[in-house]
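Today I am opening my notebook on a structure that is new to me. My topic is disulfides, and I will jot down what I look up as I go.

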Amino acid sequence: MRALNIQRYFSMYIRGQFFDIWLLVILINCINAERRPVPKRVTAEYGSDLSLSCTFQNQDSDDTIVQWLFQNVTDSIHHKPKSHWRPLFLNTQSLIPRETRYSIQQKIRQINQTFLDHTTILTLSKVTNSDEGLYMCKSLLPRTIQMTYQVRVIQSLDINPKQIFIPPNEIGQYSIQLNCILKDNHTNRRHHEIYWWHNNKRLGSRTNRYARIVKNITQQTLISTLFYTGDPAVITGSYVCESEPLKRYISVEFKTNRSTNLFISWILMIPVWIVQYQNYN
């Protein structure tokens, strides 16, 4: 009987130890998850140049060691181990001398008497689909800080029409329709966001009751259409469609007729005529 109690006690003790270990593993994973930086999504257009930057604060620029690493999109999707991170630069020293499309730039700015801003900028020229993946900027000394970018390459981002003119005698409500077209070979497999701005103010149904945005997604295209209605003087200005960091611009202006242009030209010529008259006399 005593042996049976000892066996039960031992079994409960073992289970308790396993439970404690299990809680410890979960806690460690949670801590690592909090420390692991969330990648910032960046969209690049095929054939364009892309710059990624990160800034660290330090007391001495000579002590700062910054490393850039790359993990291609295949390894990122399958969550392969860290050994698949490919080193690109150590400070300004290239670790891939055969790859000439990569360049590095460093800027140092004095914040106060104690601290410096150390900025490093990685530039990729003529981006291709093989450049998709994770890019990590890591400061090794005096303390480890890292920032990660998730780069996605699209085929193009365009806006239509290129320009809109409102008739000068237009009164009452006026409506415009703008289309932002994002082309991507993988639109059906990943999520894209397009944002609209008017005169540096974000547009949306929640921020402006006169604005309505409609999305249409096909296998390789995302079209975001902005419908905007209001007084002509209100809806004129600069419009931007954005898929960070890519931006496309369009201008909505009042159309000036020929007589107005002649009148403005005549007004601008008056000072010239006055000077000529004074010189003549």
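A reminder to myself before I start: a disulfide here is a pair of cysteine sulfur atoms within 2.5 Å. I also keep in mind that I am reading a predicted model.

**Entry 1, the cut-off at work.** I looked up Cys180 and Cys241 and found their sulfur atoms 2.2 Å apart. The cut-off is 2.5 Å, so I can count the two as a disulfide.

**Entry 2, where this pair sits.** Cys180 lies in strand β12 (residues 174-183) and Cys241 in strand β17 (residues 237-243). With their positions 61 residues apart, the pair links distant parts of the chain. I noted 60° about the S-S bond, a right-handed link.

**Entry 3, buried or exposed?** I checked Cys180 and read a relative accessible area of 0%, so I wrote it down as buried. Cys241 also comes out as buried, because its relative accessibility is 0%.

**Entry 4, the whole structure.** How many disulfides does a search of the whole structure find? My search turned up two.

**Entry 5, the other pair.** Here I found Cys54 joined to Cys137, S to S 1.9 Å. Cys54 belongs to strand β2 (residues 50-58), while Cys137 belongs to strand β8 (residues 133-141). These two cysteines are 83 residues apart, and they too tie distant parts of the chain together. I read 45° about the S-S bond and marked this link as right-handed. Cys54 and Cys137 are both buried.

**Entry 6, the pattern.** Counting bonded cysteines along the protein chain, I get 1-2, 3-4.

Definitions and conventions. Residues numbered from 1 in each chain as written. Predicted model: local features only at pLDDT ≥ 70, side-chain atom pairs only at ≥ 80, totals over all residues. Heavy atoms only, no water. Helix = DSSP H or I, 4+ residues; strand = E, 2+ residues; numbered from the N terminus. Buried < 20%, exposed > 50% of the residue type's maximum accessible area, 1.4 Å probe, protein only.
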